[in-house]
Amino acid sequence: MPRITREDKARNRQNIVEAAGRMFRSQGVDAVGIAELMKEAGLTHGGFYNHFASKDDLAVEACGTSFQASLGSLEHILEEGADPTGPPLKRVVDNYLSATHRDAPDGGCPSASLVTDAGRHSDTVQSAYAAGVEGYLTGFAEEFTREHEGEITSQEARERAVLLLSRLVGAMALARAVSHVQPDLSDEILRTCRAHALD
């Protein structure tokens, strides 16, 4: 049997983390079994423990990696500044509260798709989730400060950031919860919150 190289092992681990990120966001951590996850990653069930001590350890890494990608997208939008469609935070709101994001929980922001899972799991999973939330709050607060330079204090910017993230996550969670049985209600939630998230 050929030896697995260090590069192969790193690639296999990355495949597991990426599959977990998609599956945990779309199905929830508890709903995903190790065998199903490893199949999605293109690997055998037995290989899981060569990479992770437990599913909880994987959940921590998948949560962190998912937030890292999402926060990278946020940073890109904020760095671009205003464009013809409006200031950066308006674009963030429009993208976040879109039907496209709602209908793709496996690839969207983990703040909404992992919100209930984080609360049900270990302190290490909650810590990874909290770090992601803090990343959003920091980015939002810095942008509020830029957009309202000299008009608001750092505490007011932080409060606006908390309110904005809470509105985004809550609206997305509600819109997803009813999207299959009441699509018009789901669309109404997104539309209304897009219009007023920055009020």
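In this predicted model, helix 3 provides the largest share of the lining of the largest pocket, namely eight residues. The pocket holds about 390 Å³ of space. Its lining comprises 21 residues, and those closest to the centre are Ser70, Ser73, Gly108, Cys109 and Tyr136. Helix 1, helix 3 and helix 4 each supply at least two residues of this lining.

**The enclosed space**

Helix 3, which runs from residue 55 to residue 80, also gives the most to the lining of the largest cavity, here with four residues. The count of cavities of 30 Å³ or more comes to one, and the largest cavity contains about 80 Å³ of space. Thirteen residues line this cavity; Phe24, Val29, Ala59, Cys63 and Leu114 lie nearest its centre. At least two lining residues come from each of helix 1 (6-27), helix 3, helix 7 (115-120) and helix 8 (123-147). Helix 1 and helix 3 thus recur in the description of both spaces: each supplies at least two residues to the pocket lining, and each supplies at least two to the cavity lining.

**The chain as a whole**

The secondary structure consists of ten helices and zero strands, so that, by the definition of these elements as DSSP runs numbered from the N terminus, the order along the sequence reads α-α-α-α-α-α-α-α-α-α. The C-alpha trace spans about 65 × 40 × 35 Å along its principal axes. Of the 199 residues, 40% count as buried. Among contacts with a separation of 6 or more, 63% are accounted for by residues 24 or more positions apart.

The chain exposes about 10,900 Å², of which 53% is supplied by carbon and sulfur atoms. Its charged side chains number 20 positive and 30 negative, and the centres of these two sets lie 6 Å apart.

**Helix 4 and its cover**

Helix 4 covers residues 88-96, and within this helix Pro88, Leu89, Arg91, Val92, Val93 and Tyr96 are buried. The cover over these buried residues includes helix 3, helix 5 (99-102), helix 6 (110-113), helix 8, helix 9 (154-178) and helix 10 (183-196). An α-helix has 3.6 residues a turn, so residues three or four places apart point the same way. Within helix 4, Leu89 and Val93 are both among the buried residues, as are Val92 and Tyr96.

Lys90 also belongs to helix 4. Lys90 counts as partly exposed because its relative accessibility is 33%, and the partly exposed class lies between under 20% and over 50%. Beyond residues up to four places away in sequence, Lys90 touches Thr85 and Leu198.

**Individual positions**

Which class of exposure does Tyr49 fall into, buried or exposed? Tyr49 is exposed, because its relative accessible area is 51% and the exposed class begins over 50%. Tyr49 is located in the loop between helix 2 (34-40) and helix 3. Leaving aside residues up to four places away in sequence, its contacts are with Ile34 and Ser54.

Gly64 lies in helix 3. With a relative accessible area of 29%, Gly64 is partly exposed.

Val133 is part of helix 8. Once residues up to four places away in sequence are set aside, Val133 touches Phe67 and Leu165.

The table sets out the C-alpha separations of four residue pairs.

| Pair | Separation in sequence | C-alpha distance |
|---|---|---|
| Val133 and Ala19 | 114 residues | 22 Å |
| Lys90 and Cys193 | 103 residues | 12 Å |
| Gly64 and Val162 | 98 residues | 20 Å |
| Tyr49 and Ile34 | 15 residues | 9.9 Å |

Two of these pairs can be read together with the details above. Tyr49 and Ile34 are 9.9 Å apart from C-alpha to C-alpha, and Tyr49 touches Ile34. For Lys90, the C-alpha atom is separated by 12 Å from that of Cys193, while the touching residues are Thr85 and Leu198, apart from those up to four places away in sequence.

Notes:
Residues are numbered from 1 along each chain as its sequence is written. This is a predicted model: local features need pLDDT of at least 70, side-chain atom pairs count only at pLDDT 80 or more; totals for chains, interfaces and linings use all residues. Side-chain values use heavy atoms; hydrogens and water are left out. Buried means under 20% relative accessible area, exposed over 50%, partly exposed in between (1.4 Å probe, protein chains only). Contact means heavy atoms within 4.5 Å. Accessible areas come from the Shrake-Rupley method with a 1.4 Å probe; for residues, only the protein chains shown count as cover. Lys and Arg count as positive and Asp and Glu as negative; His and the chain ends are not counted. The place of a charge is taken as NZ of Lys, CZ of Arg, CG of Asp or CD of Glu. On a 1 Å grid over the protein atoms alone, a cavity is a set of points where a 1.4 Å probe fits but cannot get out, and a pocket is an open set with protein on both sides within 12 Å along at least five of seven lines; lining residues have an atom within 4 Å of a point. Grid points are joined across faces, edges and corners, and a volume is the space filled by probe spheres set on the points.
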